[in-house]
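Visitor: Please take a close look at one part of this protein, the nonpolar core, and set it against the rest of the model.

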Amino acid sequence: MIFICDVMLGKLARYLRILGFDARYIRQGDDPRSFPAPSPKILFLTKRKTGTVRPHTIVVQGNDPEEQLLGIKDFIEPYIDPAALMTRCLDCNTVLIDVPKDEIEPFVPEYVYHHHDRFTTCPSCKKVYWEGSHADEMHAWMERVKAKKHEKVPF
Ligand SMILES: [Zn+2]
């Protein structure tokens, strides 16, 4: 499943990447035609409510990215693959690659190096990730989602 996130949904794109989705983000000035056309496997997410909603387009409610994610939960939940969690760069959407621990030492804080064993890096922007660097963020979110399931969340 690929998500194309409209210009106002940059934070939502990062959340989707944490979950392992291919989440492309249309930045201000990008040509939307350079992105793949919406289809059953390529959903377009937007905040724009004007005009008719085109096929394979989801209008996202709210301003808070967590609230936005909850709003599209029904669309994404069936496609969440636990093995894909935290396999993409949050900044640029590239699939991360594993790096042996002994090669990563110069690139991470000393504390992190000594307290983690698994590291991945983005082949495109070179950002380094380790277990916990965004896992904590995601687990906290998952807990909040579960908690909210039992309340009546208006969306
Ligand atoms: Zn990257």
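Guide: What follows goes through the core, then a sheet, then the confidence values. The model is predicted. The largest nonpolar core has 22 residues. Those with the most contacts inside this core are Phe3, Cys5, Leu12, Ala13, Leu16, Ala23 and Leu45. Four elements each supply at least two residues of the core: strand 1 (2-5), helix 1 (10-18), strand 2 (22-25) and strand 3 (42-46). Helix 1 gives the most, with five residues. Ala13 can serve as an example: leaving aside residues up to four places away in sequence, Ala13 touches Cys5, Ala23 and Tyr25. In soluble globular proteins, nonpolar side chains tend to be buried together.

Further along the chain is an open sheet of three strands in the order 5-6-7, with antiparallel pairing. Its edge strands, strand 5 (97-99) and strand 7 (128-130), each pair on one side only. On average, neighbouring strands of this sheet are turned by 40° against each other, direction ignored. Strand 6 (residues 119-121) and strand 7 run antiparallel and are joined by three bridges. In this pair, Thr121 stands opposite Val128.

As for confidence, the protein has a mean pLDDT of 86, and 85% of its residues reach 70 or more. Among its elements, strand 2 has the highest mean pLDDT (97), whereas helix 6 (residues 135-149) has the lowest (65). Strand 2 is also one of the elements that supply the core. Over residues 150-155, pLDDT stays under 50, and the model has six contacts beyond four places in sequence for these residues. Where pLDDT is low, the predicted coordinates should not be read in detail.

Note on methods: Residues numbered from 1 in each chain as written. Predicted model: local features only at pLDDT ≥ 70, side-chain atom pairs only at ≥ 80, totals over all residues. Pairing = 2+ DSSP bridges. Axes fitted to C-alpha atoms, helices over the stretch in contact; angles between N-to-C directions. Core = buried A, V, L, I, M, F, W, Y, C linked by C-beta atoms within 7 Å. Buried ≥ 20, exposed ≤ 12 C-beta atoms within 10 Å, placed from the backbone. Contact = placed C-beta atoms within 7 Å. pLDDT = per-residue confidence, 0-100.
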